[in-house]
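Good morning, everyone, and thank you for making time for this. Please have the sequence and the model open beside you while I talk.

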Amino acid sequence: MKRILLFLATNIAVLVVLSIVLNVLMAVTGVHGIQTQGGQINYEGLLLLAAVFGFGGAFISLFMSKWMAKMSMGVQVIDQPRTSSEVWLMETVQRLARQANLKMPEVGIFDSPDMNAFATGATRNSSLVAVSTGLLHGMDRDEVEGVLAHEITHVANGDMVTLTLIQGVINTFVIFIARVVGHVVDRVVFKSERDYGPAYFITVFVTEIFLAILASAIVMWFSRQREFRADAGGAKLAGRGKMIAALRRLQRAHEPEELPGQLAAFGINGGLGHGLRKLFMSHPPLEERIAALEAMR
């Protein structure tokens, strides 16, 4: 329930902020609305609206990612290590970050029986690396180091920003194309002349759902390619044996609980997928990741 309320409150706040930004930009640029006075599409206005909501939502999510992760996952950031395990965790992250030429990320632990971890943050030098209690208890230190190296590589590669840009571009196209299709249906099929009728809004809604499904498959394809790169980078930082051992441990474990929202794309374990579901997986199957590492030279 806490996650749902947080999600709703955050999205309402984002919509309010983006609406204000859109109105300001329209006032500055002199672009008004998505229709001309003659009832035709104002492509400049429509593109501005699509870009503000497409990129704006993606970047606001990026800049809020650390805060959202801490709130939704109950991440406890380690300020002063209290146990030998926390000392080792902090020292290992610090060493790996130094190897990757990064500033020390925040390090946290979240309570979950599943073996998982994630990295998030708006920039390479303002990131958070968090691991689950299940991962700390279920893996030995070499395997945990492999997981940490994988997450540090995500940060070093700038994967959070890259995926945000891809998501922003796709969001913009989805919003833009859905409204063009809605306009055509409303004007050509239902012969509306000026104000949009119910057909426009229904068509936009249906088209956005259809395009969003296709867009998700594209985003997840990029995400899977990025996972292979993070595995390879983790192998270079911690050693290929440790990276493979961590993935084999995950392979032997039961299917993990899914991380919420965008965090799923930055976790170490993406669950299982079969058939069409593989198109919408944020992570490649573990056996493919292990085979890719074993083929490395």
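I will go through the annotated regions, then a pair of strands, and then the nonpolar cores.

Please keep in mind throughout that this is a predicted model. The UniProt record, which is an unreviewed entry, places the feature "transmembrane region" at residues 43–63, 160–180 and 200–222. In the model, residues 43–63 are 100% helix and 0% strand, with the C-alpha atoms at the two ends lying 29 Å apart. Residues 160–180 are likewise 100% helix and 0% strand, and there the end C-alpha atoms are 30 Å apart.

Let us turn now to strand β3, which covers residues 117–123. Why can we call β3 largely enclosed by the rest of the structure? We can say this because 6 of its 7 residues are buried, where buried means under 20% relative accessible area. Strand β3 runs antiparallel to strand β4, residues 126–132, and 6 bridges join the two. If you would like one pair to find on your screen, Thr120 has Leu128 in β4 as its bridge partner. Between β3 and β4 the chain makes a hairpin through 2 residues.

Which residues touch the most other members of the largest nonpolar core? That core has 39 residues, and the ones in question are Leu89, Val131, Leu135, Met139, Leu148 and Ile152. Taking Leu89 as our example, and leaving aside its neighbours within four places in sequence, we find it in contact with Ile78, Val107, Ile109, Val131, Leu136 and Leu148. There is also a second, separate core of 8 residues, and among them are Val174, Leu211, Val219 and Met220.

Definitions and conventions: Residues are numbered from 1 along each chain as its sequence is written. This is a predicted model: local features need pLDDT of at least 70, side-chain atom pairs count only at pLDDT 80 or more; totals for chains, interfaces and linings use all residues. Side-chain values use heavy atoms; hydrogens and water are left out. UniProt positions are given in the numbering used here, feature names are shortened, and annotations may be inferred rather than shown by experiment. Helices (H or I, at least four residues) and strands (E, at least two) are DSSP runs, numbered from the N terminus. Buried means under 20% relative accessible area, exposed over 50%, partly exposed in between (1.4 Å probe, protein chains only). Two strands pair if DSSP finds at least two bridges between them. A nonpolar core is a set of buried Ala, Val, Leu, Ile, Met, Phe, Trp, Tyr and Cys residues joined through side-chain atoms within 4.5 Å. Contact means heavy atoms within 4.5 Å.
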